[in-house]
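Dear colleague,

Here is the structure I promised to hand over, with the sequence alongside it. Below the display I have written down what was found, and I would be glad if you read it with the coordinates open.

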Amino acid sequence: MSRISQCFENLKADGQTALIPYVTAGDPEPWVTVPLLHALVDAGADIIELGIPFSDPMCDGPVIQKACERALKNDVSIKHVLEMVKKFREKNSDTPIVLMGYANPIEAIGYEKFAELAKQAGVDGVLTVDVPPEESTEFRTIMDANGIDTIYLVAPTTSTERMATIASFARGFIYYVSIKGVTGAAALDVAEVSEKMAQLRELTTLPLGVGFGIRDGKSAAAVSEIADAVVVGSTLVRCIEEHAERMDELPAAVAGLLAEMRHAINARDLASA
């Protein structure tokens, strides 16, 4: 059983919802990423999504685009990201790490080499947002062989037929994009998301995570009522940007935001127990 599957199984047994923060590796400086990851775990993160900086993050809004720009100014490459994961693993062998990014940096290394390096570093899952599931057979096969979960996105516009295809390919969990558009866009519609969750649950037994549009404890708690995991990114990355000139304060500030969401989710989980 993968670290991701074990994490969800443990949370389910305890009646808890997973909290998954996203941050971009190397933003605003490479040295702050690993301390930030540890701070997020201390604040209640169950799984961490670590973004691989990319020059054209087309699915991301301006907040995460700027984060990628800051990281790339420091020449942060995919190999540097894997080194950060390896460093994180020196003190934390339990919290799953999912790398999130685009195909180009991975293809530049080669699928086999990437999988080998990712496995050695302690990566648990990979989400490549611009690789259609139907075109991912080679990638998925290589990741499977190295014990790395391939995670896929489902959008509000995804047909039931295509959801079934994605469900058959996915490993670890399925990431539902709660709003149309890029990250950091409009507010989410919980009722609409709930309908999609019901459709997905008829097609898979995998945990379902919901991201995009989650900005505070209230929205995190609302999503936790209908999903197995709450994914939060732009709000945290915006906080990182605000503290880019005060990096000694950055981990605690970002962790404080996540802790607020963790508290709200836990209160909701307890109330529904």
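The buried residues of helix α10 are G217, S219, A220, A221, V223 and S224, and since the model is a predicted one, please read this and everything below as computed from it. Six of the eight residues of α10 (residues 217-224) are thus buried, so the helix is largely enclosed by the rest of the structure. The elements against which these buried residues pack are β8, β9 and α12.

Strands β8 and β9 belong to an open sheet of nine strands with parallel pairing, whose order is β5-β4-β3-β2-β1-β9-β8-β7-β6. At its edges stand β5 and β6 (152-154), each of which has a single partner strand, so that one side of each is left without a neighbour in the sheet. Further in, strand β7 (residues 174-177) runs parallel to strand β8 (residues 208-211), to which four bridges join it, and within that pair I174 has L208 as its bridge partner. Helix α12 (residues 250-272) packs on the sheet, where it touches β1 and β9, and its direction makes about 165° with that of β1.

On the other side of β1 in the strand order comes β2, and these two strands run parallel, joined by three bridges, with T24 standing opposite G51 of β2. Between them the chain passes through α2, and the resulting β-α-β crossover from β1 to β2 is right-handed. Strand β2 (residues 48-51) is covered on both faces, given that I48 and L50 on one side are buried, as are E49 and G51 on the other. Its pairing with β3 is also parallel and extends over four bridges, and here I48 stands opposite I97.

Residue T95 lies in the loop between α4 (78-89) and β3. Is T95 buried or exposed? Its relative accessibility is 8%, and because the limit for buried is under 20%, T95 counts as buried. Apart from residues up to four places away in sequence, T95 touches V41, D46, I47, I48, F88, R89 and D124.

Turning to the nonpolar interior, the largest core holds 70 residues, of which L50, L99 and M197 touch the most other members. Helix α2 (residues 30-42) gives the most to this core, namely seven residues. Beyond its neighbours within four places in sequence, L99 is in contact with L50, I52, V81, L82, V85, F114, V123, G125, V126 and L127. There is also a second, separate core, which has 26 residues, among them I4, F8, L11 and Y22.

Three of those residues, I4, F8 and L11, recur in helix α1 (residues 3-13), where they are buried together with C7. Why do the buried residues of α1 line one face of the helix? Seen down the axis of α1, they fall within an arc of 95°, so they line one face. In general, an α-helix has 3.6 residues a turn, so residues three or four places apart point the same way. The elements that cover the buried residues of α1 include β1 (18-24), β3 (97-101), β4 (125-128), β5 (149-150) and β9 (229-232). After α1 comes G15, which has a positive phi, near 70°.

With best regards

Conventions. Residues are numbered from 1 along each chain as its sequence is written. This is a predicted model: local features need pLDDT of at least 70, side-chain atom pairs count only at pLDDT 80 or more; totals for chains, interfaces and linings use all residues. Side-chain values use heavy atoms; hydrogens and water are left out. A nonpolar core is a set of buried Ala, Val, Leu, Ile, Met, Phe, Trp, Tyr and Cys residues joined through side-chain atoms within 4.5 Å. Buried means under 20% relative accessible area, exposed over 50%, partly exposed in between (1.4 Å probe, protein chains only). Contact means heavy atoms within 4.5 Å. The arc is that of the directions from the helix axis to the C-beta atoms. Two strands pair if DSSP finds at least two bridges between them. A crossover is right-handed if, with the strands pointing away from the viewer, the path from the first strand over the helix to the second runs clockwise. Axes are lines fitted to C-alpha atoms, for helices over the stretch in contact, and angles run from 0 to 180 degrees between N-to-C directions.
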